[in-house]
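Trainee: Got a minute to look at a model with me? I'd like to talk through its sheet and its surface.

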Amino acid sequence: YLDYETERSELLLRQECLCEGWEIPITPSILYRRQYVPFADDVGRLQSLILDTGANVIIIDSIGAACAAELNTSETALRFFSALRSLKNVTSILIAHTSKDTEGRKSPYGSAYFKNYARSVWEIRKSQEAGANTLNIGMFHLAANNSKLALPIGLNIDFRSDDNDNLQQVIVTPQDVKT
């Protein structure tokens with residue numbers, strides 16, 4: 001997990017609460033790396049880390065911070081994807097912020113290459129009332145290069161806290177996306 005936005009403690013809390021909610025052990029652990037250097041400038045070290053640990057999936061949170069450059073230029077997107085493509089034997093999950101809603105469609109913020117170079121693009125939308133312990137999310141498959149588009153997925157996420165309002169569990173259950 002290449003984290004350009006938060007801290008290890010936040011990821012560990014999320015993992016612990018999800019595992020508690022699903023009643024599964026907290027293994028395997030997620031290999032975490034706090035990132036400060038732009039992805040393309042760090043790709044050599046990252047490839048060594050992937051080989052040393054045997055990691056076969058990387059999650060980059062988020063593309064904008066990983067690029068550390070003007071996101072609206074094609075050069076920024078092309079440099080990022082060129083570096084990503086240089087990694088061997090690894091699948092990537094990329095998290096991106098979205099552009100402003102235009103005509104009912106959202107896309108990753110920045111150059112069109114951020115969507116066009118991806119093999120599969122999902123948009124996640126949430127609905128949550130202020131102060132509520134639950135939220136509903138819809139996952140919508142916007143683009144696919146090697147498959148048909150998947151049907152939308154709906155999930156209910158229930159955040160359960162102790163008496164001191166410390167998060168203890170996160171329970172995720174499927175629901176009709178229309179909800």
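**Strand pairing and a surface patch**

Mentor: Happy to. Let's start with one pair: T134 has D158 in β7 as its bridge partner. Keep in mind that this is a predicted model.

Trainee: How many bridges join β6 to β7?

Mentor: Six, and the two strands run antiparallel; β6 covers residues 134–144.

Trainee: And what about β7 and β8, how many bridges there?

Mentor: β7, residues 153–161, pairs with β8 over eight bridges, again in the antiparallel sense. One example is S161, whose bridge partner in β8 is L167.

Trainee: What links those two strands?

Mentor: They form a hairpin with five residues between them. In the turn, D165 has a positive phi of about 65°.

Trainee: Zooming out, what is the strand order in the sheet?

Mentor: The order is β5-β6-β7-β8, an open sheet of four strands with antiparallel pairing. β5 and β8 (167–175) stand at the edges with a single partner strand each, so one side of each has no neighbour in the sheet. From one strand to the next, the twist averages 25°.

Trainee: Switching to the surface: which residues form a nonpolar patch there?

Mentor: L78, Y113 and Y117 do, and together they have about 250 Å² of accessible area.

Trainee: Where is Y117 placed?

Mentor: Y117 lies in the loop between α5 (113–116) and β5 (120–127).

Trainee: Why is Y117 called partly exposed?

Mentor: Because its relative accessible area is 40%, and partly exposed means between the 20% and 50% cut-offs.

Definitions and conventions
Residues numbered from 1 in each chain as written. Predicted model: local features only at pLDDT ≥ 70, side-chain atom pairs only at ≥ 80, totals over all residues. Heavy atoms only, no water. Patch = residues over 30% accessible without salt bridge, like charges linked within 9 Å, V, L, I, M, F, W, Y side chains within 5 Å. Areas by Shrake-Rupley, 256 points an atom, 1.4 Å probe, with all protein chains shown as cover. Salt bridge = Lys/Arg side-chain N within 4 Å of Asp/Glu carboxyl O. Buried < 20%, exposed > 50% of the residue type's maximum accessible area, 1.4 Å probe, protein only. Pairing = 2+ DSSP bridges. Axes fitted to C-alpha atoms, helices over the stretch in contact; angles between N-to-C directions.
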